[in-house]
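User: Could you take a close look at the place where the ligand sits? I would like to hear what surrounds the ligand and how the open spaces in the protein are lined.

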Amino acid sequence: AAFATGAAAQDRAPDGRAYRAQPLTTELFIADPSAHVFDGRIYVYGSHDIQGPSADDQPGKGFVMKDYLVLSMDRIGGPVTVHPTALTLSAVPWADRQLWAPDAAFKDGRYYLYFPAKDREGVFRIGVATGDRPEGPFTPEPQPILGAYSIDPSVFVDEDGAAYLYVGGIHGGQLQRWTSGRYDPAAGDTDLNQPEAASLMPKVARLSDDMLTLAEPMRDAVILNEQGQPLKGGDLDRRFFEAAWLHKYNGLYYLSYSTGDTHFIAYATATTPYGPFTYRGRVLLPVQGWTTHHSIVEVEGQWRLFYHDTQLSNRTHLRSAKVVDLHHEADGSIRTIDPFIA
Ligand code: FUB
């Protein structure tokens, strides 16, 4: 391998700042961590980063992941188990390449792994695989989920048992190619290039009871500014880029997401899982590395932020998952986290 895992993590970033947290594992590179507590144990579902061709002449081309492995631990700070391969690319009949950020859900004794991959036409689709253990192995459905597309699926199961799928990512995630409802490669590799128009929004749809299909067409999870208008395409510090995640706190629905090329994890709140969401602020300041991707989960009464950075490799495509505490303030806002200690 061009870069060996198992290396000792550096204490400080190249610019001298000290990291707030250390990688959960140095055995392999796990990014885009989606954490869940299943049966009293913490499971982390992430992308398994590997070294690909260094050329990144199309957005995201260097993320060439071929399988998923699940991490678990019985408590934050406890020993981390790296489970055997949960799903491989070659087992997914429709998928050709690039197993990007996944998520998992549990219902009625079954575990569901949701994942994006490009099909043989180079179009990102969303797949689902099922298993009877949280760490897998998972058996993929033969076809991608009909009506779902783009990247970064995450599933939120509400207190009433209803499950919602959130997806989307612009640029390499191709969301800009779906504005007509059909895939249009002519829409290019960036965004809409309409800075005064509403930005592209993440998509949401309720899942069917079997967790394998959409119960309804996907719709925009609209993010509004303080004037009640959709965030604009040119609002680069705040507009949605990728990595949508939904959590519920005190009856309020929190949609958090990456702003991509401005490198923040931002958040917005709503009174329903569909939105509209109102922009509230930043969850996480820029980490080391281009991408930022996270999950927010309550573990034994304490809210946590799982995220990633490139501390271990200093390479864009080789990232490590980390975890820190997250605080909701009395007014419902989230205290912004600096991934470095001042
Ligand atoms: O891991 C590949 C892609 O990078 C993810 O799908 C994005 O969210 C970004 O983290």
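Analyst: Happy to help; here is a walk from the ligand outwards to the pockets and the cavity.

This is a predicted model, in which local features need pLDDT of at least 70, side-chain atom pairs count only at pLDDT 80 or more, and totals for chains, interfaces and linings use all residues. Residues are numbered from 1 along each chain as its sequence is written, and side-chain values use heavy atoms, with hydrogens and water left out.

Let's start with the shell, meaning residues with a heavy atom within 4 Å of the ligand. Its members are Asp32, Ser47, Phe63, Met65, Trp100, Ala101, Asp152, Glu242, Thr291, His293, His308 and Arg319. Sorted by class, they give 4 nonpolar, 4 polar and 4 charged residues; here Ala, Val, Leu, Ile, Met, Phe, Trp, Tyr, Cys and Pro count as nonpolar, Asp, Glu, Lys and Arg as charged, and the others, Gly among them, as polar.

Some of these residues make polar contacts (pairs of N or O atoms within 3.5 Å). Asp32 places a polar side-chain atom 2.5 Å from a ligand oxygen, and Asp152 also has a polar side-chain atom 2.5 Å from an oxygen of the ligand. For His293, a side-chain N or O atom is 2.6 Å from a ligand oxygen. The ligand on its own exposes 270 Å², of which the protein buries 99% (Shrake-Rupley areas, 1.4 Å probe).

The ligand sits in the second largest pocket, which requires more than half of its atoms to lie within 2 Å of the pocket's grid points. A pocket is an open set of points on a 1 Å grid over the protein atoms alone, with protein on both sides within 12 Å along at least five of seven lines; a cavity is a set where a 1.4 Å probe fits but cannot get out, and lining residues have an atom within 4 Å of a point. This pocket holds about 340 Å³ (space filled by probe spheres set on the points). Of its 24 lining residues, Gly60, Phe63, Glu242, Trp290 and Thr291 are closest to its centre. The lining comprises 9 nonpolar, 9 polar and 6 charged residues.

The largest pocket has about 550 Å³ of space. Its lining has 20 residues, with His36, Val155, Phe156, Val157 and Val297 nearest the centre, and divides into 14 nonpolar, 2 polar and 4 charged.

Finally, the search finds 1 cavity of 30 Å³ or more. Asp152 and His293 are among the residues lining the largest cavity.

Key: A polar contact is a pair of N or O atoms within 3.5 Å; within protein, one must be able to donate a hydrogen and the other to accept it, and residues adjacent in sequence count only if both atoms are side-chain atoms.
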